[in-house]
Amino acid sequence: IPEGHGCAYSIDSEGELFYTPILASGALQLEETDIVDYYDAVDNECENEINEIHDKLIEMNKTAGFYFKN
């Protein structure tokens, strides 16, 4: 959960990046989980930060044995 993003990020076993909005109460709004649109990230000038988050999640999931894409 990166500071200032207003959402939490996750990946599936093949590395697809998802975001889940965080409510003002701090709870995750799970029914609003969706795939990250990289075109929006480029438009919002946060592409590098999104790529860093994605890379970190892949490394964490590789370590845990949950990432299976070659």
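**Group meeting: a walk through a predicted model**

Let me begin with a single residue, D37, which counts as partly exposed because its relative accessibility is 38%. What we have on the screen is a predicted model, so please keep that in mind while I talk. As for where D37 sits, you will find this residue in the loop between β3, residues 34–35, and α1, residues 38–43. D37 also belongs to a negative surface patch, which is formed by E31, E32, D34, D37 and D40.

Now let me step back to the whole chain. The secondary structure of the protein chain comes to two helices and three strands, and if you follow the chain from the N terminus on, the elements run β-β-β-α-α. Taken along the principal axes, the C-alpha atoms fill a box of roughly 35 × 25 × 20 Å. The protein chain has 70 residues, and buried residues make up 27% of them. About 5,200 Å² of the protein chain is exposed, and carbon and sulfur atoms supply 49% of that area. If we take the contacts with a separation of 6 or more, residues 24 or more positions apart account for 32% of them.

With that picture in place, let us turn to helix α2, which covers residues 47–64. Is H54, which lies in this helix, buried or exposed? H54 counts as buried, because its relative accessibility is 16% and the cut-off for buried is under 20%. Leaving aside residues up to four places away in sequence, H54 touches I11, G15, L17 and Y38.

Further along the helix we come to a pair of charged residues. Side chains of opposite charge can pair when their charged atoms come close. Which two side chains meet in a salt bridge in this model? They are those of K62 and E59, with a distance of 3.9 Å from N to O, and the count of salt bridges comes to one. Both K62 and E59 lie in helix α2, three residues apart, which is about one turn of the helix. K62 counts as partly exposed, because its relative accessibility is 44%, and E59 likewise counts as partly exposed, because its value is 44%.

Next, I would like to look at two loops, beginning with the one that holds S13. This residue has its place between β1, residues 7–11, and β2, residues 17–21, and S13 counts as partly exposed because its relative accessibility is 34%. Which residues does S13 touch, if we do not count those up to four places away in sequence? The residues are F66, Y67, F68 and K69. To take K69 in particular, S13 and K69 are 56 residues apart in sequence, while in space they are 7.1 Å apart, C-alpha to C-alpha.

The other loop is the one between β2 and β3, where A24 is found. Why does A24 count as exposed? A24 has a relative accessibility of 91%, and the cut-off for exposed is over 50%, so A24 falls in that class. A24 and G6 are 18 residues apart in sequence and 9.0 Å apart in space, again from C-alpha to C-alpha.

To close, let me put three residues side by side, so that you can find them again in the structure: H54 in helix α2 counts as buried, D37 counts as partly exposed, and A24 counts as exposed. Thank you for listening.

Definitions and conventions
Residues are numbered from 1 along each chain as its sequence is written. This is a predicted model: local features need pLDDT of at least 70, side-chain atom pairs count only at pLDDT 80 or more; totals for chains, interfaces and linings use all residues. Side-chain values use heavy atoms; hydrogens and water are left out. A salt bridge is a side-chain nitrogen of Lys or Arg within 4 Å of a carboxyl oxygen of Asp or Glu. Helices (H or I, at least four residues) and strands (E, at least two) are DSSP runs, numbered from the N terminus. Buried means under 20% relative accessible area, exposed over 50%, partly exposed in between (1.4 Å probe, protein chains only). Contact means heavy atoms within 4.5 Å. Accessible areas come from the Shrake-Rupley method with a 1.4 Å probe; for residues, only the protein chains shown count as cover. Patches are made of residues with over 30% relative accessible area and no salt bridge: like charges are joined within 9 Å, nonpolar side chains (Val, Leu, Ile, Met, Phe, Trp, Tyr) within 5 Å. Lys and Arg count as positive and Asp and Glu as negative; His and the chain ends are not counted. The place of a charge is taken as NZ of Lys, CZ of Arg, CG of Asp or CD of Glu.
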